[in-house]
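Student: I should like a close look at one acidic part of the surface, with its setting in the fold explained. Please treat it as a single connected account.

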Amino acid sequence: STAGNRQGDFVVAWDDFRSGDSDVWLSVYNEDDEWSADFSAAGASGPGEQSHASVALDEQGGLHLVWLQRADPLAPTGLWYSHGKPVITD
């Protein structure tokens, strides 16, 4: 999923298995015209499966992230939401 706003903020979100299970990852395009290092979203990583991320940015730079989460492939699916500012510590 990709998102941007009129202030020029731009972010991408996706899920992958780099940590051994499905987690949501983000990267932010910064003012140096470079992508940040990939970082996992708080609450959207860890045990179980976090997938199908969708992201939006509001005009103040606030990040809105929605994803699906379940304990294992046969478990019920939950819809999760998080809001905050992306904090990058490169």
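What is the relative accessible area of Glu59, and is this residue buried or partly exposed?

Tutor: Glu59 is partly exposed, with a relative accessible area of 37%. (Buried means under 20% relative accessible area, exposed over 50%, and partly exposed in between, with a 1.4 Å probe and protein chains only.) This is a predicted model, in which local features need pLDDT of at least 70, side-chain atom pairs count only at pLDDT 80 or more, and totals for chains, interfaces and linings use all residues. Residues are numbered from 1 along each chain as its sequence is written, and side-chain values use heavy atoms, with hydrogens and water left out.

Glu59 sits in the loop that joins strand S5 (49–57) to strand S6 (63–70). (Strands are DSSP runs of E with at least two residues, numbered from the N terminus.) Glu59 belongs to a negative surface patch, together with Asp9, Glu31, Asp32, Asp33 and Glu34. (A patch takes residues with over 30% relative accessible area and no salt bridge, joining like charges within 9 Å and nonpolar side chains, namely Val, Leu, Ile, Met, Phe, Trp and Tyr, within 5 Å. Asp and Glu count as negative, the charge being placed at CG of Asp or CD of Glu; areas come from the Shrake-Rupley method.)

Another member of the negative patch, Asp33, lies in the loop between strand S3 (23–29) and strand S4 (39–40). Asp33 is exposed, its relative accessible area being 56%. The backbone of Asp33 also deserves attention: its phi is near 60°, a positive value in a residue other than glycine. His52 likewise has a positive phi, of about 55°, although it is not a glycine. That residue is found in strand S5 and is exposed, with a relative accessible area of 57%.

The loop between S3 and S4 also holds Trp35, which counts as partly exposed at 41% relative accessibility. Trp35 joins Phe10 and Tyr29 in a nonpolar surface patch of about 270 Å². Ala3 gives a reference point for Trp35: the two are 32 residues apart along the chain, and their C-alpha atoms are separated by 14 Å. Ala3 lies in strand S1 (residues 2–4) and is buried, with a relative accessible area of 9%. Leaving aside neighbours within four places in sequence, Ala3 is in contact (heavy atoms within 4.5 Å) with Asp9 and Phe10, among others. Asp9 is a member of the negative patch, and Phe10 is a member of the nonpolar one. The other contacts of Ala3 are Val11, Val55, Ala56 and Leu57.

A second acidic residue of interest is Glu49, in strand S5. At 18% relative accessibility, Glu49 counts as buried. The side chain of Glu49 meets that of Arg70 in a salt bridge, at 3.2 Å from N to O. (A salt bridge is a side-chain nitrogen of Lys or Arg within 4 Å of a carboxyl oxygen of Asp or Glu.) Arg70 lies in strand S6 and Glu49 in strand S5, so this pair ties together parts that are 21 residues apart in sequence. By this rule the count comes to 1 salt bridge. Side chains of opposite charge can pair when their charged atoms come close. Arg70 is partly exposed, with a relative accessible area of 25%. Beyond four places in sequence, Glu49 touches Ser22, Leu68 and Gln69 as well as Arg70.

Asp15 shows a further acidic setting, in strand S2 (residues 10–16). Asp15 is partly exposed, with a relative accessible area of 30%. Not counting residues up to four places away in sequence, Asp15 touches Ser22, Asp23, Val24, Gln50, Ser51, His52 and Ala53. Asn30 is 15 residues away from Asp15 in sequence, and their C-alpha atoms are 21 Å apart in space.

His52 and Ala53 are also contacts of Val66, as are Ser54, Leu79, Trp80 and Tyr81, once neighbours within four places are left aside. Val66 lies in strand S6 and counts as partly exposed at 28% relative accessibility. A last distance leads back to the negative patch: Val66 and Asp9 are 57 residues apart along the chain, with 18 Å between their C-alpha atoms.

Note on methods. Areas by Shrake-Rupley, 256 points an atom, 1.4 Å probe, with all protein chains shown as cover. Helix = DSSP H or I, 4+ residues; strand = E, 2+ residues; numbered from the N terminus.
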